[in-house]
Amino acid sequence: MKESFLLGTYTKRASQGIYTVELEDGVLSDVQLATTESGPTYVTQSKKGVTYAVTANDGHGGVAAYATDWSLLNVVGEEGASPCYVAVDEPRQLVYGANYHKGAVTVYQIQADGSLALTDRVVHEEPVGPHKNQDHAHAHYADLTPDQRLVVCDLGTDSVYTYDVSDEGKLTVVARYQAEPGTGPRHLAFHPNGQTAYLFGELDSTVTTLAYDQATGTFTKQQKLSTLPTDYTDFNGGAAIRVTKDGRFVYASNRGHNSIAVYQVADDNCLSLVEIVSSNGDFPRDFNFNQEEDFLICAHQESDNLVIFSRDADTGKLTVVQDDIVAPECVCVAQINA
């Protein structure tokens, strides 16, 4: 079966915008420029095939909407830095953005033609953590919980916020989880049971297992593990985290150590380390599975290559299949809806 993926990139060196790549029989090929765009560092696609991408142009940042033929529907932006994350809410037909530089969360209504209109904007103002990168709020992730709330990770405030979302796209905060100082919450991934989430701390390179209470929207810490070998002391920044659909394994990428940590999920949903494998590139910013989850595609921001691993469904272990596919400044790998 042939599958296609969207590739989001920086456009500081060689990249020209959003790319696509195909996977067939464990082989990646045919990296193609889908559309020129400035700084589309995160991309996603709706079930209707509309692509929503971060964009930055002429001192303004926002979210761009592209039709299935890659014609530009519209851009909703504002002066200053662009968001770093974008997600689609299909039931309410909304799009969410997280803005790292502004510590802000934005909500957009999807119009009939797939274009966007801003409905709400919330800025985090809580006290920040002790790390030098926590100079102010830094919203880094905004996506849905299993019970259709919005969860936001803020690296600057060491917080995970839970919001109720109205059908009109208005946010109301209902809970806030305070991580340990200096954690730097970056991304969060839910277990299929809907009651457990795994929080990746960018600044301290950890994965925290959280119990999620759907009645109140609150998170409670269960466990915290490092994503690095005990003898590694150089720079590292946590990046992407994903959970397999069967709920048996969690994967997390390390920028600096240039590796992927693999964890097995126990009966209590806590984790045990399976292995830490080289990502075979420099600065693995993002990765994703194919539909069957027998392969994992990892993107490297600095070495400009995609690496595909085969994945053992029984052990969770990864084996490099291919590591020479050129993808300039790639920092996001997103599945394309068939």
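This passage describes the strands β17 to β19, the residue Asp-135 and the cysteines of the structure. The model is predicted, so that local features require a pLDDT of at least 70 and side-chain atom pairs count only at pLDDT 80 or more, while totals for chains, interfaces and linings use all residues. Residues are numbered from 1 along each chain as its sequence is written, and side-chain values use heavy atoms, with hydrogens and water left out.

Helices (H or I, at least four residues) and strands (E, at least two) are taken as DSSP runs and numbered from the N terminus. Strand β18 spans residues 206–213, and six of its eight residues are buried, so the strand is largely enclosed by the rest of the structure. Here buried denotes under 20% relative accessible area and exposed over 50%, with partly exposed in between (1.4 Å probe, protein chains only).

Two strands are treated as paired if DSSP finds at least two bridges between them. Strand β17 (residues 196–201) runs antiparallel to β18 and is joined to it by six bridges; within this pairing, Phe-200 has Val-207 of β18 as its bridge partner. The two strands form a hairpin with four residues between them, and Ser-205 in the turn has a positive phi of about 50°. Strand β19 (residues 218–226) is likewise antiparallel to β18, with eight bridges joining the two. Val-207 has Leu-225 as its bridge partner in β19. A hairpin is also formed by β18 and β19, again with four residues between them; in this turn, Gly-217 has a positive phi of about 80°.

Asp-135 is located in the loop between β11 (116–123) and β12 (139–144). With a relative accessible area of 53%, Asp-135 is exposed. Its side chain makes a polar contact of 2.7 Å with that of His-138. A polar contact is a pair of N or O atoms within 3.5 Å; within protein, one must be able to donate a hydrogen and the other to accept it, and residues adjacent in sequence count only if both atoms are side-chain atoms. Asp-113 is 22 residues from Asp-135 along the chain, and their C-alpha atoms are separated by 40 Å.

With a disulfide defined as a pair of cysteine sulfur atoms within 2.5 Å, the count is zero. Cys-270 is in no disulfide, the nearest cysteine sulfur being that of Cys-153, 18 Å away. Cys-270 is buried, at 13% relative accessibility. For Cys-330, the closest cysteine sulfur is in Cys-332, at 7.3 Å, which is too far for a bond. Cys-330 is also buried, with a relative accessible area of 0%.
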